[in-house]
Amino acid sequence: MSEDKNSNENKSVGAKGYILPAIVVAFSFAIIYTVVVAIPNLPSLKSEPSKYAMEYVEKEADGTIKRDEQGLPVLNDAGKGRAIYVREGCFYCHSQFVRPQDRDFGSRVFAGDYANETPNVLGTSRTGPDLSNEGGKLPDEWHVGHLKNPREYNPGSIMPSFSYLPDEDLGYLVSYLQTLGRKRMDDPENRHIYEAYYPEADEAFWHASEHHKPNVDSAAAANAGAGIFRQNCAVCHGLNGLGNGPNALAMAKKPANFSRPYYKAYSDKTWYWRVAEGVPGTRMPRWKLKLEPEQMWYLVAFLKTLPQDKSPIIEPYQTIDSEAWQSQSALPERITDNYEKLAKNKKKGGKSSKGGHGGH
Ligand code: HEC
Ligand code: HEC
């Protein structure tokens, strides 16, 4: 009996000894829980998706997220592009966060705009420009070309070339870039920021442009325009505006050749409009999103000085010879003609290369 009593006493002494550590452990757990689970989930700290938040996943008909066999969400094209954006480290150089003190990057960004996006790609550095409001700013074709070789579009750019990415991946990336800030831009509340984006803002567009219009018939304005042209346009349109810049080689839709006679008919306003609005479906950018009205007027002054040939040399296959098209027999003749020319050239080439070998 006495032995039993003793053991009971021992037990209670032992239990007393563990009270302090137990309190410490419980307290630590409480703190960890508060910091890791409770605080982040406080309703007041949770950012609800804003009306500008994007969804980068496919949805079922009933609105739920589509999942693959492994239960992972199925990404849409822009979502695949976002994954590539993360993988390629675009966010090392590009932020997606416009703060109140920032100018030139469009409207501000709030936490809810990126709700449900993990990992976030807000970025911490602006080696390149902020991309929060990039969507709709430049044509798809421009983006693909720029991603392949940024120097072709912005001489002196330090952005690396992503030409090693398959075309499919570049397409996904561009889909993603075109979503950035697109909804924000389309919101009527933000129209004052993007006024010029809307065709109905034409009046404001011309008003702003006239306000900054220099004398476009002066040599000084044309000279100023020549510099801007060399920096921004010559890569495509060529130094003399003949449409033969280094970029033109690889482009399906060739840049305009300003020596063509019909440009004589262009008024100052037509020139300005084309430069400002670009040409949809081609790589010609909407320069009003990059240049100031004054700079575009200088460009107009320069473009007007380019000689517009009265009779440009046009290769025969470029003319639409209606008679030839009507009489089918005329076609084979021309084809043979060209073929013979080609064959002759080949022979010549063969001979001269042989001669070269002989010389060695
Ligand atoms: C080493 C830094 C760096 C990295 C990495 C980088 N960029 Fe850039 N990016 C720049 C710089 C600098 C510019 C500005 C000059 C230019 O347009 O090339 C730029 C410009 C851009 C522009 C044009 C913005 C505009 O409106 O003119 C886009 C779009 C862009 N980058 C997208 C990307 C994407 C997508 C990736 C990843 C696949 C990427 N960048 C990776 C530095 C970088
Ligand atoms: C990335 C290549 C590229 C760059 C850079 C570029 N352009 Fe263009 N530009 C084009 C293409 C492509 C067209 C479309 C030609 C067509 O529609 O046949 C075009 C068309 C034009 C037109 C319209 C011609 C017409 O027929 O009405 C004007 C004006 C023009 N560019 C001026 C400029 C100016 C000024 C700059 C520089 C600030 C510039 N472009 C930079 C590719 C470019």
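**Group meeting: two ligand shells and one helix**

Sorted by class, the residues around ligand 1 come to 13 nonpolar, seven polar and three charged. In total 23 residues surround ligand 1, and the closest are C90, C93, G128, S157 and M159. Before going further, I should say that this is a predicted model.

Now the other ligand. Around ligand 2 there are 18 residues, with C233, C236, A256, R274 and M284 the closest. Two elements, α10 (234-237) and α11, each give two or more residues to that shell. By class, 11 of the residues around ligand 2 are nonpolar, four are polar and three are charged.

Next, the protein chain as a whole. What does it have in the way of helices and strands? The chain has 14 helices and zero strands. Read along the sequence, the pattern is therefore just α repeated, from one end to the other. Of the 360 residues in the chain, 23% are buried. As for contacts, take those between residues at least 6 apart in sequence: 65% of them join residues at least 24 apart.

One helix I want to look at in detail is α12, residues 293-305. How far apart are its end C-alpha atoms? They are 19 Å apart, and the expected span for 13 residues at 1.5 Å a residue is 18 Å, so the two agree. The expected figure is 18 Å because the rise is multiplied by one less than the number of residues.

Which residues of α12 are buried? They are M296, W297, Y298, L299, V300, A301, F302, L303 and K304. Note that the list includes K304, a lysine. The buried residues of α12 pack against α9 (219-232) and α11 (268-277). We have already met α11, as one of the elements contributing to the shell around ligand 2.

Last, confidence. The mean pLDDT of the protein chain is 78, and 76% of its residues reach 70 or more. Where is confidence highest, and where is it lowest? It is highest in helix α2, residues 77-87, at a mean of 96, and lowest in helix α14, residues 330-359, at 44. Over residues 324-339 the pLDDT is below 50, and this stretch has three contacts in the model beyond near neighbours in sequence. Residues 349-360 also have pLDDT below 50, and there the number of such contacts is zero.

That is the end of my part.

Key: Residues numbered from 1 in each chain as written. Chains lettered and ligands numbered in written order. Predicted model: local features only at pLDDT ≥ 70, side-chain atom pairs only at ≥ 80, totals over all residues. Helix = DSSP H or I, 4+ residues; strand = E, 2+ residues; numbered from the N terminus. Buried ≥ 20, exposed ≤ 12 C-beta atoms within 10 Å, placed from the backbone. Contact = placed C-beta atoms within 7 Å. Near = placed C-beta within 6 Å. Nonpolar A, V, L, I, M, F, W, Y, C, P; charged D, E, K, R; others polar. pLDDT = per-residue confidence, 0-100.
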